[in-house]
Amino acid sequence: MGLFGKTSDRSPKEMVSEWSQKIRKEMRMIDRQIRDIQREEEKVKRSIKDAAKRGQRDVCVVLAKEMIQSKRAVTKLYASKAQMNSVQLSMKNQLALVRVAGSMQKSTEVMKAMQNLVKIPEIQATMRELSKEMMKAGIIEEMLEDTFESMEDGEEMEEAAEEEVDKILYEITAGALGKAPSKVTDALPEIQPAAAAAASEDESEEDIEAMQSRLAALRS
């Protein structure tokens, strides 16, 4: 019999080292994804400023909502990193327990963190694999599949967007849209000549669609 009541070819130290290595790899991947999303957000900010100069409030609103979704995605990714750090620290504590008690112990802290981490699409496969290994090692109990939740917030996202959009537009455009009409369908006063705005309208729509696609791909 092994340390966990089952025969194991690996020592606790080897398992913890392997789990930590996988977690660090996922954390580096998350860092890259966060940087990619933030770079794309900077491009969206510039497009919002350009659209504001042309008086295209509806375009600004669409892009601002994209930014809200991206910021939420980044927030969740940062939270995931913090939880993975917590798991790593708990694993170090487990090794200390092995030296004192001779075996690893169940950890509610690791259990809660892993329940949250398996919900994140970007790292879901690796976290599920680690969860199964931790269950076999006796550190966590079996997790229920019905704990999954959608990354798309639906109506909640729409309500939050309506509350946040004016604030974001005001901040990004340095107050240019601060006195804009509240309805999306209302038009802003033209800041640039109408002819110049019309000439670039088709190109602007193509750029917007391309940015939306890139941001969606980064969040998925």
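# Report on an all-helical predicted chain

Of the 220 residues in the chain, 40% are buried. The model is a predicted one. Its secondary structure consists of six helices and zero strands, which gives the pattern α-α-α-α-α-α when read along the sequence. Contacts between residues at least 6 apart in sequence are mostly of long range: 78% of them join residues at least 24 apart. The chain exposes about 12800 Å² of surface, and carbon and sulfur atoms supply 49% of that area.

## Helix H1 and the turn after it

Helix H1 covers residues 12–53, a run of 42 residues. From the first C-alpha of H1 to the last, the distance is 61 Å, close to the 62 Å expected at 1.5 Å a residue. Gly55 follows H1 and has a positive phi, near 75°.

Ser47 belongs to helix H1. Is Ser47 buried or exposed? Its relative accessibility is 13%, so Ser47 counts as buried, the cut-off being under 20%. Ser47 and Val59 are 12 residues apart along the chain, and their C-alpha atoms are separated by 9.1 Å.

## Helix H4

Helix H4 spans residues 124–137. With 14 residues at 1.5 Å a residue, H4 should span 20 Å, and the end C-alpha atoms are 20 Å apart, in agreement with that value. The buried residues in H4 are Thr126, Met127, Leu130, Ser131, Glu133, Met134 and Ala137. Just after H4 comes Gly138, with a positive phi of about 85°.

Glu133, a residue of H4, has a relative accessible area of 17% and is therefore buried. Which residues does Glu133 contact, leaving aside its neighbours within four places in sequence? They are Arg10, Glu18, Trp19 and Lys22. Among these, Glu18, Trp19 and Lys22 also appear in the set of H1 residues that meet H4.

## Packing of H4 against H1 and H3

Two packed helices are described by the angle between their axes and the distance between the axes. The axes of H1 and H4 come within 11 Å and cross at roughly 160°. That angle is over 145 degrees, so H1 is roughly antiparallel to H4. The crossing of H1 and H4 is left-handed. On the H1 side, the residues involved are Glu18, Trp19, Lys22, Ile23 and Glu26; they meet Thr126, Met127, Glu129, Leu130, Glu133, Met134 and Ala137 in H4.

Helix H3 (residues 108–117) also packs with H4: their axes come within 9 Å and cross at roughly 150°. H3 and H4 are therefore roughly antiparallel to each other, and H3 passes H4 in a left-handed crossing. In this pair, Val110, Met114 and Leu117 of H3 meet Met127, Leu130, Ser131 and Met134 of H4. Met127, Leu130 and Met134 are listed in H4 for its meeting with H1 and also for its meeting with H3.

## Helix H2 and its sequence-distant partners

Helix H2 comprises residues 57–101 and includes Gln94. Gln94 counts as buried because its relative accessibility is 4%. Not counting residues up to four places away in sequence, Gln94 touches Met104, Gln105, Ser107 and Ile139. One of these partners, Ile139, lies 45 residues from Gln94 along the chain, and the two C-alpha atoms are separated by 8.8 Å.

Lys76 is likewise placed in helix H2. What is the exposure class of Lys76? With a relative accessible area of 26%, Lys76 is partly exposed. Its C-alpha atom is separated by 8.3 Å from that of Ile120, 44 residues apart along the chain.

## Accessibility of selected residues

The table collects the residues discussed individually above.

| Residue | Relative accessible area | Class |
|---|---|---|
| Gln94 | 4% | buried |
| Ser47 | 13% | buried |
| Glu133 | 17% | buried |
| Lys76 | 26% | partly exposed |

Definitions and conventions. Residues numbered from 1 in each chain as written. Predicted model: local features only at pLDDT ≥ 70, side-chain atom pairs only at ≥ 80, totals over all residues. Heavy atoms only, no water. Helix = DSSP H or I, 4+ residues; strand = E, 2+ residues; numbered from the N terminus. Buried < 20%, exposed > 50% of the residue type's maximum accessible area, 1.4 Å probe, protein only. Contact = heavy atoms within 4.5 Å. Areas by Shrake-Rupley, 256 points an atom, 1.4 Å probe, with all protein chains shown as cover. Expected span 1.5 Å × (residues − 1). Axes fitted to C-alpha atoms, helices over the stretch in contact; angles between N-to-C directions. Parallel < 35°, antiparallel > 145°, perpendicular 65-115°, else oblique. Left-handed = near helix turned anticlockwise from the far one by under 90°.
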